[in-house]
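Work through the exercises below with the model open beside you. Try each task before reading its solution.

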Amino acid sequence: MKFYDCSTAPSPRRVRMFIAEKGLDIETVEVDLREKEQMGDAFRQVNPNLTVPVLELDDGTRLLTTDACRAWLEATYPNPPLMGASPVEKAEVADCLYHISVDGFLAVAEGLRNSAKGMIGRALPGPHNFEQIPDLAERGRQRVTLFMDTLDAMIGAKPFVAGDFYSAADIDALIFVEFAKWLKIEPGEQHANLNRWRADVSARPSAQL
Ligand SMILES: N[C@@H](CCC(=O)N[C@@H](CS)C(=O)NCC(=O)O)C(=O)O
């Protein structure tokens, strides 16, 4: 098995931390996005979407998105469960993951990719080039700021994002909070639930990766 990673990018970290929480040791191939290695001929053969993460299975099957990699890992290595154990836990994790992805993660990407100099002409990842739209950068920043409030409320008094169990929702929420720093947006003192939860989950070994 081979895991195509990029140590500086948030999406592959969602799988890297998941692998660590499962206690797995998988051969890793570093793809240097800063050097545009994803656009080169070699990586195009691996993933025509030109994105990481990718998980290549022993039979050669390639899983080309975070969701696909984690679905396969969860089904193949069910313990510890990271997508919820009972039907209701699974549904609650799915709910959290949707909001963290759409309202959190994609909002940071919108803010960053539409403003960063290094992403001129690359406002979206993938095989097609898109120009930046400055208004979208501003909207992304607003959405990220709002999502800090939403995440604080989502966590509430619970120990973890989806309930009293650690899950992929904690992985993604932590990566969202750290990704938001790229826009210089951080939780404030008013986000007491978020700050308490962040201190707890940041101490886990997987969070150091
Ligand atoms: N939805 C995809 C998105 C993956 C994605 O956007 N990865 C980024 C790194 S965070 C990437 O490969 N970007 C390449 C680029 O910007 O050209 C997934 O979750 O796998």
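Three exercises follow, each with a solution in steps.

This is a predicted model: local features need pLDDT of at least 70, side-chain atom pairs count only at pLDDT 80 or more, and totals for chains, interfaces and linings use all residues. Residues are numbered from 1 along each chain as its sequence is written.

**Exercise 1.** Find how helix H4 and helix H6 pack.

Solution.
- Locate H4 at residues 87-113 and H6 at residues 168-180. Helices are DSSP runs of H or I, at least four residues, and strands are runs of E, at least two, numbered from the N terminus.
- Take the angle: about 15°, with the axes 9 Å apart. Axes are lines fitted to C-alpha atoms over the stretch in contact, and angles run from 0 to 180 degrees between N-to-C directions.
- Classify: H4 is therefore roughly parallel to H6 (angles under 35 degrees count as such).

**Exercise 2.** Locate the cis peptide bonds from Val52 to Pro53 and from Asn79 to Pro80.

Solution.
- Recall the background: most peptide bonds are trans.
- For Val52 to Pro53, omega is near 10°. Pro53 sits in the loop between helix H2 (41-46) and strand S3 (54-56).
- For Asn79 to Pro80, omega is near -5°. Pro80 lies in the loop between helix H3 (66-76) and H4.

**Exercise 3.** Decide whether Lys184 is buried or exposed.

Solution.
- Place Lys184 in the loop between H6 and helix H7 (192-202).
- Note its positive phi of about 60°, although Lys184 is not a glycine.
- Count neighbours: 7 other C-beta atoms lie within 10 Å, so Lys184 is exposed (buried means 20 or more, exposed 12 or fewer, partly exposed in between, with C-beta atoms placed from the backbone).

Note on methods: Angles under 35 degrees count as roughly parallel, over 145 as roughly antiparallel, 65 to 115 as roughly perpendicular and the rest as oblique.
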